[in-house]
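Colleague: I'm new to this protein and would rather understand one part well than skim the whole thing. Please pick a single part and take me through it closely, with its surroundings.

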Amino acid sequence: MTKREENYQPEMLEGAKSIGAGAATIASAGAAIGIGNVFSSLIHSVARNPSLAKQSFGYAILGFALTEAIALFAPMMAFLILFIKVIHLVSPAWPLLEPIIWAAVGGRALPSTGANGAERDTIREEDSFEL
């Protein structure tokens with residue numbers, strides 16, 4: 001593996017992490033639409049039958065809470081993608097995932113690794129991981 005390829009892989013990983021974090025935040029738009037639908041339905045139902053306003057409001061708050069939970073999961077996933085070293089969590093599956101990730105981010109030639117990723121020219125400090 002050349003020096004250029006060694007430096008290229010962390011840059012690609014950072015780019016993929018940024019794309020993944022951006023994609024995770026798309027759920028916020030869906031949650032905003034869902035909250036709008038919940039309260040729109042509340043207004044329509046109260047306008048049609050004002051006597052059920054209290055019961056409808058309780059259901060609307062439940063719908064709001066469940067939809068807002070999704071809105072809170074989206075930034076949580078984005079932060080997990082950005083700041084957690086995911087490679088150590090999926091290290092047993094890395095030989096299977098590496099070609100898919102390289103192809104998805106437009107990688108050039110794959111680095112030469114063995115079945116367990118052990119065939120490398122150099123080992124860096126970032127590669128070691130202990131529980």
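Modeller: Let's look at helix H3, starting with the whole protein and then moving along to the neighbours of this helix.

A word on the ground rules before we start. This is a predicted model, so to speak of local features we need a pLDDT of at least 70, and side-chain atom pairs count only at pLDDT 80 or more, while totals for chains, interfaces and linings use all residues. Residues are numbered from 1 along each chain as its sequence is written, and side-chain values use heavy atoms, with hydrogens and water left out.

Now the overall picture. The protein has five helices and zero strands, so to speak a run of α-α-α-α-α from the N terminus on. Helices here are DSSP runs of H or I with at least four residues, strands are runs of E with at least two, and both are numbered from the N terminus. Of the 131 residues, 19% count as buried. Buried means under 20% relative accessible area, exposed means over 50%, and partly exposed is what lies in between, with a 1.4 Å probe and protein chains only. The protein exposes about 9500 Å², and carbon and sulfur atoms supply 68% of that; these areas come from the Shrake-Rupley method with a 1.4 Å probe, and for residues only the protein chains shown count as cover.

Contacts are worth a glance too. Among the contacts in the protein with a separation of 6 or more, 67% are between residues 24 or more positions apart; a contact means heavy atoms within 4.5 Å.

On to H3 itself, which covers residues 53–83. At 1.5 Å a residue, its 31 residues should span 45 Å, and the end C-alpha atoms are indeed 45 Å apart. That expected span is 1.5 Å times one less than the number of residues. The UniProt record, an unreviewed entry, lists residues 21–39 and 59–84 under "transmembrane region"; its positions are given in the numbering used here, feature names are shortened, and annotations may be inferred rather than shown by experiment. In the model, residues 59–84 are 96% helix and 0% strand, with end C-alpha atoms 37 Å apart. For residues 21–39 the figures are 95% helix, 0% strand and 29 Å.

Which residues of H3 are buried? They are Ser-56, Ala-60, Gly-63, Thr-67, Ala-71, Ala-74 and Ala-78. An α-helix has 3.6 residues a turn, so residues three or four places apart point the same way.

Take Thr-67, with a relative accessibility of 18%. Leaving aside residues up to four places away in sequence, Thr-67 touches Ala-31, Gly-34, Ile-35 and Val-38. Leu-66 makes a nice contrast: this residue is exposed, at 56%. The C-alpha atoms of Leu-66 and Gly-34 are 9.8 Å apart in space, and the two residues are 32 apart in sequence.

Next, Ser-56. Its C-alpha atom is separated by 6.4 Å from that of Leu-42, 14 residues away along the chain. Leu-42 lies in helix H2 and is buried, at 13%. Besides Ser-56, Leu-42 touches Phe-57 and Ala-60, again not counting residues up to four places away in sequence.

There is also one aromatic pair in the structure. The rings of Phe-39 and Phe-64 have centres 5.7 Å apart and planes at 50 degrees, so the pair is tilted. Rings of Phe, Tyr and Trp (its six-membered ring) pair if their centres lie within 6.5 Å; planes under 30 degrees apart are stacked, over 60 edge-to-face, and the rest tilted. Phe-39 is in helix H2 (residues 26–48) and Phe-64 in helix H3, so the pair ties together parts that are 25 residues apart in sequence. Phe-39 is partly exposed at 28%, and Phe-64 is partly exposed at 29%.

Finally, Lys-17. This residue touches Ile-81, Leu-82 and Ile-84, with residues up to four places away in sequence left out. Lys-17 is buried at 15% and forms a salt bridge with Glu-14, the closest N and O atoms being 3.8 Å apart. A salt bridge is a side-chain nitrogen of Lys or Arg within 4 Å of a carboxyl oxygen of Asp or Glu, and the structure holds one. Both partners lie in helix H1 (residues 3–24), three residues apart, about one turn of the helix. Glu-14 is partly exposed, at 46%.
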